[in-house]
Amino acid sequence: MSFRFIEDHRETYPIRLMCAVLEVSPAGYYAWRERPVSARAGSNSTLLAEIRQVHHDSGQRYGSPRVYAALRTQGRGASRGRIERLMRLIWHSSAHGATPSGSHHRQSSRSADRAEPDRA
(Lines give C-alpha, C1' and ligand atoms only; values in the text may rest on other atoms or scores of the structure.)
Protein backbone atom coordinates (compact mmCIF):
# COMPACT_ATOMS: atom_id res chain seq x y z
CA MET A 1 0.00 0.00 0.00
CA SER A 2 2.82 2.41 0.83
CA PHE A 3 4.63 1.66 -2.40
CA ARG A 4 1.48 2.30 -4.44
CA PHE A 5 1.10 5.69 -2.71
CA ILE A 6 4.72 6.56 -3.49
CA GLU A 7 4.24 5.52 -7.12
CA ASP A 8 1.10 7.63 -7.46
CA HIS A 9 2.76 10.73 -5.98
CA ARG A 10 6.34 10.47 -7.25
CA GLU A 11 5.85 13.42 -9.63
CA THR A 12 4.77 15.65 -6.73
CA TYR A 13 7.15 14.70 -3.90
CA PRO A 14 10.69 13.33 -3.73
CA ILE A 15 10.77 9.55 -3.45
CA ARG A 16 13.30 9.52 -0.61
CA LEU A 17 11.18 11.96 1.41
CA MET A 18 8.04 9.84 0.99
CA CYS A 19 9.98 6.69 1.91
CA ALA A 20 11.23 8.38 5.09
CA VAL A 21 7.75 9.59 6.05
CA LEU A 22 6.15 6.20 5.36
CA GLU A 23 9.04 4.39 7.04
CA VAL A 24 9.91 2.16 4.07
CA SER A 25 13.25 1.75 2.37
CA PRO A 26 13.89 3.31 -1.03
CA ALA A 27 15.50 0.03 -2.11
CA GLY A 28 12.27 -1.78 -1.24
CA TYR A 29 10.28 0.70 -3.32
CA TYR A 30 12.55 0.31 -6.34
CA ALA A 31 12.48 -3.49 -6.00
CA TRP A 32 8.66 -3.33 -5.90
CA ARG A 33 8.62 -1.27 -9.10
CA GLU A 34 10.78 -3.79 -10.96
CA ARG A 35 8.77 -6.82 -9.81
CA PRO A 36 6.53 -8.29 -12.52
CA VAL A 37 2.77 -8.35 -12.04
CA SER A 38 1.65 -11.53 -10.31
CA ALA A 39 -0.41 -14.13 -12.16
CA ARG A 40 -3.36 -13.45 -9.85
CA ALA A 41 -3.23 -9.67 -10.44
CA GLY A 42 -3.05 -10.21 -14.19
CA SER A 43 -5.97 -12.63 -14.06
CA ASN A 44 -7.95 -10.15 -11.95
CA SER A 45 -7.41 -7.34 -14.46
CA THR A 46 -8.59 -9.59 -17.30
CA LEU A 47 -11.60 -10.68 -15.27
CA LEU A 48 -12.40 -7.05 -14.37
CA ALA A 49 -12.49 -6.15 -18.06
CA GLU A 50 -14.85 -9.07 -18.74
CA ILE A 51 -17.07 -8.09 -15.79
CA ARG A 52 -17.28 -4.51 -17.07
CA GLN A 53 -18.18 -5.77 -20.56
CA VAL A 54 -20.96 -8.08 -19.32
CA HIS A 55 -22.30 -5.33 -17.06
CA HIS A 56 -22.23 -2.82 -19.92
CA ASP A 57 -23.89 -5.25 -22.35
CA SER A 58 -26.71 -5.78 -19.86
CA GLY A 59 -27.52 -2.08 -19.82
CA GLN A 60 -25.83 -1.87 -16.41
CA ARG A 61 -28.62 -3.94 -14.88
CA TYR A 62 -26.84 -7.16 -13.96
CA GLY A 63 -25.65 -7.75 -10.44
CA SER A 64 -23.05 -10.28 -9.43
CA PRO A 65 -25.30 -13.41 -9.74
CA ARG A 66 -26.18 -12.64 -13.37
CA VAL A 67 -22.66 -11.51 -14.23
CA TYR A 68 -21.41 -14.79 -12.75
CA ALA A 69 -23.92 -16.78 -14.82
CA ALA A 70 -23.04 -14.88 -18.00
CA LEU A 71 -19.32 -15.46 -17.48
CA ARG A 72 -19.94 -19.16 -16.81
CA THR A 73 -21.82 -19.50 -20.11
CA GLN A 74 -18.84 -17.83 -21.83
CA GLY A 75 -16.60 -20.49 -20.32
CA ARG A 76 -14.90 -18.21 -17.79
CA GLY A 77 -14.06 -20.20 -14.68
CA ALA A 78 -14.18 -17.81 -11.73
CA SER A 79 -15.98 -18.26 -8.45
CA ARG A 80 -19.04 -16.22 -7.60
CA GLY A 81 -17.30 -14.83 -4.52
CA ARG A 82 -14.36 -13.59 -6.57
CA ILE A 83 -16.70 -11.88 -9.03
CA GLU A 84 -18.62 -10.27 -6.15
CA ARG A 85 -15.37 -9.03 -4.60
CA LEU A 86 -14.15 -7.54 -7.87
CA MET A 87 -17.51 -5.91 -8.54
CA ARG A 88 -17.44 -4.32 -5.08
CA LEU A 89 -13.95 -3.09 -5.85
CA ILE A 90 -15.13 -1.50 -9.10
CA TRP A 91 -18.24 0.23 -7.86
CA HIS A 92 -17.12 1.22 -4.38
CA SER A 93 -13.89 2.77 -5.57
CA SER A 94 -15.33 4.76 -8.47
CA ALA A 95 -17.98 7.40 -8.86
CA HIS A 96 -20.32 5.05 -10.68
CA GLY A 97 -23.57 6.53 -9.50
CA ALA A 98 -24.20 3.90 -6.88
CA THR A 99 -25.85 5.20 -3.74
CA PRO A 100 -23.63 4.76 -0.69
CA SER A 101 -25.12 2.61 2.05
CA GLY A 102 -26.93 4.52 4.74
CA SER A 103 -27.84 7.40 2.45
CA HIS A 104 -31.36 6.31 1.57
CA HIS A 105 -33.87 8.73 3.02
CA ARG A 106 -37.61 8.52 2.85
CA GLN A 107 -39.50 11.52 1.68
CA SER A 108 -42.01 12.69 4.22
CA SER A 109 -45.50 13.14 2.87
CA ARG A 110 -46.08 15.81 5.51
CA SER A 111 -45.16 19.35 4.82
CA ALA A 112 -42.70 20.77 7.36
CA ASP A 113 -44.59 24.04 7.66
CA ARG A 114 -47.93 22.54 8.77
CA ALA A 115 -49.08 23.77 12.15
CA GLU A 116 -51.34 20.83 13.06
CA PRO A 117 -50.55 17.09 13.18
CA ASP A 118 -52.10 14.52 10.83
CA ARG A 119 -55.51 13.25 11.92
CA ALA A 120 -56.96 9.78 11.58
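In this predicted model, the side chains of R33 and E7 come together in a salt bridge, at 3.3 Å from N to O. That contact reaches between distant parts of the chain, with R33 sitting in helix α3 and E7 in helix α1, 26 residues apart. R33 has a relative accessibility of 33%, so R33 counts as partly exposed. There's a bit of a network here too: salt bridges link E7, R10 and R33.

**The other salt bridges**

Across the structure there are 5 salt bridges. R4 pairs up with D8, and the closest N and O atoms of that bridge are 3.6 Å apart. Here both partners belong to helix α1, spaced 4 residues apart, or about one turn of the helix. R4 comes out as partly exposed, its relative accessible area being 41%.

Helix α6, which covers residues 80-93, has a pair with that kind of spacing: E84 and R80 are both in this helix, 4 residues apart, about one turn. Their side chains meet in a salt bridge at 3.3 Å, N to O. E84 is partly exposed at 27% relative accessible area, and R80 also counts as partly exposed, at 41% relative accessibility.

Here are three of the bridges side by side:

| Salt bridge | N to O distance |
|---|---|
| R33 and E7 | 3.3 Å |
| R4 and D8 | 3.6 Å |
| E84 and R80 | 3.3 Å |

**Aromatic rings**

Now for the rings. Two numbers describe an aromatic pair, namely how far apart the centres are and the angle between the planes. This model has 4 aromatic pairs. One of them joins F3 and Y29: the ring centres are 6.3 Å apart and the planes stand at 55°, so the pair counts as tilted. Because F3 lies in helix α1 and Y29 in helix α3, this pair ties together parts that are 26 residues apart in sequence.

How do the two residues fare for exposure, buried or partly exposed? F3 is partly exposed, with 21% relative accessible area. The cut-off for buried is under 20%. Y29, at 0% relative accessibility, counts as buried.

F3 has another ring partner in W32. Their centres are 5.9 Å apart and their planes are at 35°, so this pair is tilted as well. Again distant parts of the chain are linked, F3 being in helix α1 and W32 in helix α3, 29 residues apart. W32 is partly exposed, with a relative accessible area of 23%. Take the ring pairs together and they join F3, Y29, Y30 and W32 into a cluster.

**The largest pocket**

Several of these residues turn up again around the largest pocket. Which residues line it? The lining is made of R4, E7, W32, R33, R35, P36 and V37. So what sort of residues are they? By class, the lining splits into 3 nonpolar and 4 charged residues, with no polar ones, because Trp, Pro and Val count as nonpolar and Glu and Arg as charged. The space in this pocket is about 230 Å³.

Two helices each supply at least two residues of the lining: α1, residues 2-8, and α3, residues 26-34. These are also the helices that hold E7 and R33, and F3 and W32.

Definitions and conventions:
Residues numbered from 1 in each chain as written. Predicted model: local features only at pLDDT ≥ 70, side-chain atom pairs only at ≥ 80, totals over all residues. Heavy atoms only, no water. 1 Å grid on protein atoms, 1.4 Å probe; cavity = no way out; pocket = protein on both sides within 12 Å on 5 of 7 lines; lining within 4 Å. Points joined across faces, edges and corners; volume = space filled by probe spheres on them. Phe/Tyr/Trp six-rings, centres within 6.5 Å; stacked < 30°, edge-to-face > 60°. Buried < 20%, exposed > 50% of the residue type's maximum accessible area, 1.4 Å probe, protein only. Salt bridge = Lys/Arg side-chain N within 4 Å of Asp/Glu carboxyl O.
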